[in-house]
Amino acid sequence: MLLSHGSLGWKLKSSLYIITGVIAAFLALPIFFIMALSFGSSQWLVFPPPSWTLKWYERFFDNSQWIESAITSLQVASLTSIIATLLAIPASFALVRGQFRGRDYLYTFFTLPMVVPVVIIAVAVYGTFLNLGLTGTLFAFVASHVIIALPFAIISIINSLRLFDKSIEDAAVICGAHRIQAIIKVTFPAIKPGVISAALFSFLVSWDEVVISVMMASPNLQTLPVKMWSTLRQDLTPVIAVASTLLILLSLLIMIIASFVRKQSNHH
Amino acid sequence: MSLQTNTMTQSPLVCLRELNKEYGNFTAVDHINLDIRKGEFLTFLGSSGSGKSTTLSMIAGFETPTSGEILLNDASLINIPSHKRGIGMVFQHYSLFPHMSVRDNIGFPLDIRKVAKDERDKKVDEILQLVQLEAFADRRPSMLSGGQKQRVAIARALVYEPEILLMDEPLGALDKKLREDLQDELRLLHKRLGITIVYVTHDQDEAMRLSERIAIFKEGEIVGLGTGKDLYRKPPNAFVASFLGNSNFLKINVTGAASAQLDKHHIILDDLHVMPINQQALLMIRPENLQILTPEQAKNEALINGFNQISGTVNESVFLGESLTCSITIPSGEQLISKNIATEQPDLEPGSTVFIRWNSKHSSLYSKWEQSDINKNSAQ
């Protein structure tokens, strides 16, 4: 076997570096490309840009539609994050601690939105909200985003709850604390990193969601990805590159916070 | 803290009455009855799945009995939730609160009880001093050694002055040397405080070292209850004999009130045994109660009244420093293990003929047993 051949070690090593580098570039280049274009002067997105400019950023921040959709995105993502996390906490306790028939099936059911094609969920919620006359409302956005964010929140909290030694909570109970008190004072601080991750990932899921949002959107209420989508269909402008850059930067920031929280919890 | 009062006449602190716990078809605890005396150190000893931990959990209130009664000072605990039982407990992995300092861990039960700050601080300081952890008061549990964690766990369980302290295999995860140190520490602490301790372990040495009384659990029942000494010297049944220490088992036929037939040998029994005559019985002798004599020694030393003697052939003898163990085949084909102080024992060559003597008073006799009882279980 090539892999176990000692004399080829250095070759293998360097080829591994090259392959890793190529994959990383493959993943990251579009992002750098779009970021570069957002500062490029060419209206036709010529690459490499003939010169550098901030005018597309000015266009973005001067346009109330872009700003409003960004604010809507933040609102929807924040609400989705809070609601999904609040729902995921009791659900996770039930799925980890509960002693009932069909618990494992329930877990599969709760994580189903991760597997079902988003477009199917999108059509289903669209049909439902259309019947109820709720499309184009903040409620519809948040409710539909909670559906796809919930599996991530539940998995994140379940993982930290499974790692938590329940006897620590029992210790608090035998010390005189009511079960609820013990959970709040002892269990919750211990699973906090999981809960924070749940909130961050729920936020991210909602923040870059486009398929469902396109169906939920109305001319008056749309999220940033929807605005990008609809703009893209009309014309190609570097302002889209600006929106993409901002979208990526916030996602990146949240990923960094999430990995920081994970590191913190590993220190325990 | 109360003084140790260990009078038998006093009513028990905790009573278990026909306590039963079933999980579906599986009986974890099978109608046990037990009185726990005030101030005693009682150990539940048994292998895993014997029901010892389940019983402890029922006393703590983490498991609900299927039927039966638990009384603390003659009052039922059954419908009282864990947090209102006022029981102290030390868990297997100590279960300290990782996000709190040692001081706050110990203060937690007082904070929950809304004890005034001055009094809370005073009590925490007192108990920190008692367990000699003043210097570590502001550390997090992750910064402590195993022994220090145990002391914090004990301090946290004692700070609200419970009447009884439950300990669930608290030394299970530690290495042998540290375990022994902590066992000594724990025994001293018990003597000093006089608190009632119920301790769960699967380690018979630990049970012997720590406890005043041992309750031996087997398949959800208590099959032996008494001091370590009594249980070791006069095991109530073959299981206890086999579980606690090493033992030799011989099948004999009882021929009279104090006599029996072992293979072709006539042997005498301690006349305290009351056995049905002309039936098979099981004789148990501890390895250290077997004397091994060379044919010459046997000739020179007269057989003392009450002693038995049979012949045998040495298989193997192993020198263990302070002791010498010897495996011997007797004419019936059965093997016996002896263990004697090495300095008093001549060298025994494999194949040589020896004589085995034992005092009939230092043997136990059972009319009923199961084969699984006497197959030495090495679940330790």
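What follows is a chat about how a few labels in this predicted model of chains A and B were earned.

Reader: Let's start inside. What makes Phe108(B) count as buried?

Author: Its neighbour count. Phe108(B) has 25 C-beta neighbours inside 10 Å, and a residue is buried if 20 or more other C-beta atoms lie within that distance. Therefore Phe108(B) is called buried.

Reader: Where is Phe108(B), and what is it in contact with?

Author: Phe108(B) sits in helix H2 of chain B, residues 102-112. Setting aside neighbours within four places in sequence, its contacts are Ala172(A), Cys175(A), Phe97(B) and Arg156(B). As for Lys149(B), 41 residues away along the chain, its C-alpha atom is 15 Å from that of Phe108(B).

Reader: And why is Glu18(B) called exposed?

Author: Glu18(B) has 12 other C-beta atoms within 10 Å, and exposed means 12 or fewer. So Glu18(B) gets the label exposed. You'll find Glu18(B) in strand E1 of chain B, residues 14-23.

Reader: How do you know whether Lys114(B) is buried or exposed?

Author: Same kind of reasoning. Lys114(B) has 7 C-beta neighbours inside 10 Å, and the cut-off for exposed is 12 or fewer, so Lys114(B) is exposed. Lys114(B) lies in the loop between H2 and helix H3 (117-130) of chain B.

Reader: What is there to say about phi in Glu18(B) and Lys114(B)?

Author: Phi is near 50° in Glu18(B), a positive value in a residue other than glycine. Lys114(B) also has a positive phi, near 55°, and is not glycine either. For background, most residues other than glycine have a negative phi, and most peptide bonds are trans.

Reader: Which peptide bond here is cis?

Author: The one joining Phe47(A) and Pro48(A), with omega about -5°. Pro48(A) belongs to the loop between helix H1 (9-38) and helix H2 (55-62) of chain A.

Reader: On to helices. Why are H7(A) and H8(A) called oblique?

Author: Their axes cross at roughly 140°. Roughly antiparallel needs an angle over 145 degrees, and roughly perpendicular runs from 65 to 115. The angle falls in neither range, so H7(A) and H8(A) are oblique to each other. Their axes come within 9 Å, and the crossing is right-handed.

Reader: Which residues meet there?

Author: From H7(A), Ile168(A), Glu169(A), Ala172(A) and Val173(A) take part. Their partners in H8(A) include Arg179(A), Ile183(A), Lys185(A) and Ala190(A). Sorted by class, this contact has seven nonpolar, one polar and three charged residues.

Reader: What makes H3(A) oblique to H6(A)?

Author: Helix H3 (residues 64-97) and helix H6 (residues 138-163) of chain A pack at about 45°. Roughly parallel means under 35 degrees, and roughly perpendicular starts at 65. The angle lies between those cut-offs, so H3(A) is oblique to H6(A). The axes are 6 Å apart, and this crossing is right-handed. The contact holds 22 nonpolar, five polar and one charged residue.

Reader: How do H3(A) and helix H10 of chain A meet?

Author: Their axes come within 7 Å and cross at roughly 140°. Gln65(A), Trp66(A), Ser69(A), Ala70(A) and Ser73(A) in H3(A) meet Leu224(A), Val226(A) and Lys227(A) in H10(A). The class split is four nonpolar, three polar and one charged.

Reader: What is in the largest nonpolar core?

Author: It has 135 residues, and Ala153(A), Leu166(B) and Val198(B) have the most contacts inside it. Helix H8 of chain A, residues 179-207, gives the most to this core, with 14 residues. A second, separate core has 11 residues, among them Trp56(A), Phe60(A), Trp66(A) and Leu224(A).

Reader: Which residues does Leu166(B) touch?

Author: Not counting residues up to four places away in sequence, Leu166(B) touches Leu56(B), Ile59(B), Ala60(B), Ile87(B), Gly88(B), Met89(B) and Val198(B).

Reader: Last one: how many residues does each chain give to the contact between chains A and B?

Author: Chain A gives 17 residues and chain B gives 20. On the chain A side, H7 and H8 are the elements giving two or more residues, and H7(A) has the largest share, seven residues. That side divides into 10 nonpolar, five polar and two charged residues.

Technical notes
Residues numbered from 1 in each chain as written. Chains lettered and ligands numbered in written order. Predicted model: local features only at pLDDT ≥ 70, side-chain atom pairs only at ≥ 80, totals over all residues. Core = buried A, V, L, I, M, F, W, Y, C linked by C-beta atoms within 7 Å. Helix = DSSP H or I, 4+ residues; strand = E, 2+ residues; numbered from the N terminus. Contact = placed C-beta atoms within 7 Å. Axes fitted to C-alpha atoms, helices over the stretch in contact; angles between N-to-C directions. Left-handed = near helix turned anticlockwise from the far one by under 90°. Nonpolar A, V, L, I, M, F, W, Y, C, P; charged D, E, K, R; others polar.
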